[in-house]
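Here's a quick walk through one model, written for someone who'd rather be at the bench. Have a look at the sequence and the fold first.

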Amino acid sequence: MRMLPGESSKNDMNLSSPGSKKNYLDASVEKSRKRIIFTLCITNFIANSAYSSIAPFFPAEALLKGVPESTMGVIIAGYSISMVAFAPLLGVMLSKFGRKNVLIYGCLAESVAMFCFAMFIYVDNPLLYGILCFLCRVVEGFGNGCLNSATSSIICTNYPDNMGNLIGLTQTFTGLGMLSGPVIGSFLYEAGGFKLPFFVTSALLFIQIFPIMLFFKSDRKVRDQPAQSFLLESQENLIGDQEAVEQQPLGQVEVSGSQGTSAAPRRQQ
């Protein structure tokens, strides 16, 4: 049915009302929140599965390279050593570069470390092999420290009303990643040899950078504006509230105005 020039559709009228706009913004914000939490969960799952994926096959491969068994524990512990050593720096990075950028740095560091790990198959010197593996574990630990710190900071700052449940949810995916990592690593090792587990986890971590760039808003400038909130949905809520106030019926505005004028003489008295 063709509409006349002066008519407007029912949907347009619904969208123009303050209540429908607020509902639309609330639905959009809720959808954005779910995307962010989903991205954080998947990122932590992949990162921690990459961490534990080398457990089934790396010790045997290192022994074949001539690395002493006594050195094996130091190489594996390089991951945890790195997280402890860089812990004070991570807080500074969150304030200076923003949580979104720290997430990206974490994915990038782990992705590069896993890719380099696959290339060590061509290193024959036992000492050089052990040193390079240890350094890669250090870089990997730094990357996972970035992810853990940024994830907790984002949830605590953006979702204070549901902070406990969401931190528990992301930690669940962290545990699932560590649990499934050896299974995934052994399967990929059997399917494609030493390099395949590292290539797959490296590619998945690198791919995670794109949803982070797409769904997360930059908060780097928050350090220059401490009075502003970091909440990702704060701007939409503020805009929605402002529009709702501006589009209030005239009767409500007049009532509030009359109250203001009646209160003014009392101050003068």
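What follows covers the helices, the annotated spans and the cysteines.

First, some ground rules. This is a predicted model, where local features need pLDDT of at least 70 and side-chain atom pairs count only at pLDDT 80 or more, while totals for chains, interfaces and linings use all residues. Residues are numbered from 1 along each chain as its sequence is written, and side-chain values use heavy atoms, with hydrogens and water left out.

Let's start with helix α5, residues 99–119. Helices here are DSSP runs of H or I with at least four residues, strands are runs of E with at least two, and both are numbered from the N terminus. The expected span of a helix is 1.5 Å times one less than its number of residues. For the 21 residues of α5 that gives 30 Å, and the end C-alpha atoms are 31 Å apart, which agrees. Of those 21 residues, 15 are buried (under 20% relative accessible area with a 1.4 Å probe, protein chains only; exposed is over 50% and partly exposed is in between). So α5 is largely enclosed by the rest of the structure.

The unreviewed UniProt entry lists residues 36–58, 70–90, 102–122 and 196–216 as "transmembrane region". UniProt positions are given in the numbering used here, feature names are shortened, and annotations may be inferred rather than shown by experiment. Two of these spans look like this in the model:

| Span | End C-alpha distance | Helix | Strand |
|---|---|---|---|
| residues 36–58 | 34 Å | 78% | 0% |
| residues 70–90 | 31 Å | 100% | 0% |

Next up is helix α6 (residues 126–158), which packs with helix α7 (residues 163–192) at an angle of about 160 degrees, their axes 9 Å apart. Axes are lines fitted to C-alpha atoms, for helices over the stretch in contact, and angles run from 0 to 180 degrees between N-to-C directions. That makes α6 roughly antiparallel to α7 (over 145 degrees; under 35 is roughly parallel, 65 to 115 roughly perpendicular and the rest oblique). P126 lies in α6 and is partly exposed, at 33% relative accessible area. The C-alpha atoms of P126 and G66 are separated by 5.1 Å, though the two are 60 residues apart along the chain.

How many disulfides does the structure hold? The count is 0, taking a disulfide as a pair of cysteine sulfur atoms within 2.5 Å. For C136, the nearest cysteine sulfur is that of C116, 5.0 Å away. C136 is buried at 7% relative accessible area. For C146, the nearest is that of C107, 9.6 Å away, and C146 is also buried, at 0%.
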